[in-house]
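Me: I'd like to learn how to read a structure like this one, feature by feature. Could you walk me through it?

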Amino acid sequence: DHGSPVENSVAILKLFGVDEDAYQVGKTKLFFRAGVLGHLEDHVISVTEACLRIQTMFRMHRCRVPFLKKRENAVRIQAAYRMRQARIEYLELRRVKTAAACRVQSSYRGWREREEFL
């Protein structure tokens with residue numbers, strides 16, 4: 001149930017904590033005492049700033065969540081690639097060391113056989 005514009009205006013003023021002595025209701029206008037309009041404008045500014053902060057945080061969240069997901073996926077891909085490269089390097093190092101050890105063992109066995117033969 002919506003009241004008349006005058007009743008709605010008076011209800012809004014009460015909501016903002018404006019005393020009944022600080023304004024007077026005419027037929028088509030509200031008349032304020034000195035300083036009341038500035039007080040109401042300060043309220044409007046603070047509400048507007050709060051709305052802007054809410055919008056800013058919402059927009060930031062809306063952009064940040066997909067960004068964080070993309071960054072997480074990129075880090076996983078990079079980690080998998082580095083792990084693969086490390087595995088390849090390790091296997092190559094192991095192959096080289098194994099080949100060197102086999103060569104040393106083979107040389108030793110050959111030397112030992114020649115010593116026993118002579």
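Me: How many disulfides does a search of the whole structure find?

Reply: Start with the general idea: a disulfide is a covalent bond between the sulfur atoms of two cysteines. Keep in mind that we have a predicted model here. In this one, the search turns up zero disulfides. Take C63: the nearest cysteine sulfur belongs to C51 and is 20 Å away. With a cut-off of 2.5 Å between sulfurs, C63 is therefore in no disulfide.

Me: Is C63 buried or exposed?

Reply: You read that from the relative accessible area, and over 50% counts as exposed. C63 has 55%, so it is exposed. C102 has a value of 44%, so that cysteine is partly exposed.

Me: Okay, let's zoom out. What does the secondary structure come to?

Reply: For this kind of question, list the elements, then their order. The protein has two helices and two strands. Going from the N terminus, the order is α-β-β-α.

Me: What is the radius of gyration, and what does the globule rule give for 118 residues?

Reply: The trick is to put the two numbers side by side. The radius of gyration is 41 Å, while the rule gives 13 Å for 118 residues, so the protein is more spread out than a compact globule. The box around the C-alpha atoms gives you another view: along the principal axes it is roughly 130 × 30 × 15 Å.

Me: What share of the residues is buried?

Reply: Buried residues make up 6% of the 118. As for surface, the protein exposes about 10900 Å², and carbon and sulfur atoms supply 60% of that.

Me: Which residues make up the largest nonpolar core?

Reply: General idea first: in soluble globular proteins, nonpolar side chains tend to be buried together. Here the largest core has seven residues, namely V10, L13, V18, A22, Y23, V36 and L40. Two elements give two or more residues to this core: helix 1 (5-15) and helix 2 (36-117).

Me: If I pick L13, which residues is it in contact with, leaving aside neighbours within four places in sequence?

Reply: That filter takes out the pairs that sit side by side in the chain. What remains for L13 is contact with V18, Y23, L30, F32 and L40.

Me: And where is the place of A22?

Reply: A22 is in the loop between helix 1 and strand 1. Its relative accessibility is 13%, so A22 counts as buried. With the sequence filter applied again, A22 is in contact with F31, F32, R33 and V36. For a sense of distance along the model, try the C-alpha atoms of A22 and E92: these residues are 70 apart in the chain and their C-alpha atoms are separated by 88 Å.

Me: What about Q24, is it buried or exposed?

Reply: Q24 lies in strand 1 (residues 23-25). At 56% relative accessible area, Q24 is exposed. Leaving aside neighbours within four places, Q24 is in contact with K29, L30 and F31. You can do the distance exercise here as well: the C-alpha atoms of Q24 and R62 are 46 Å apart, with their positions 38 residues apart along the chain.

Me: Last topic, charged pairs. How many salt bridges does the count come to?

Reply: The count comes to two salt bridges. One joins the side chains of R76 and E72, at 2.9 Å from N to O. The other pairs E92 with R95, whose closest N and O atoms are 2.6 Å apart.

Me: How are R76 and E72 placed in helix 2?

Reply: Check the spacing in sequence against the turn of the helix. R76 and E72 are four residues apart in helix 2, so about one helical turn separates them. E92 and R95 also lie in helix 2, three residues apart, about one turn. Then look at accessibility: R76 is exposed at 54%, whereas E72 is partly exposed at 34%. E92, at 37%, is partly exposed.

Technical notes. Residues numbered from 1 in each chain as written. Predicted model: local features only at pLDDT ≥ 70, side-chain atom pairs only at ≥ 80, totals over all residues. Heavy atoms only, no water. Core = buried A, V, L, I, M, F, W, Y, C linked by side-chain atoms within 4.5 Å. Buried < 20%, exposed > 50% of the residue type's maximum accessible area, 1.4 Å probe, protein only. Contact = heavy atoms within 4.5 Å. Rg over C-alpha atoms; globule rule 2.2 N^0.38 Å. Areas by Shrake-Rupley, 256 points an atom, 1.4 Å probe, with all protein chains shown as cover. Salt bridge = Lys/Arg side-chain N within 4 Å of Asp/Glu carboxyl O.
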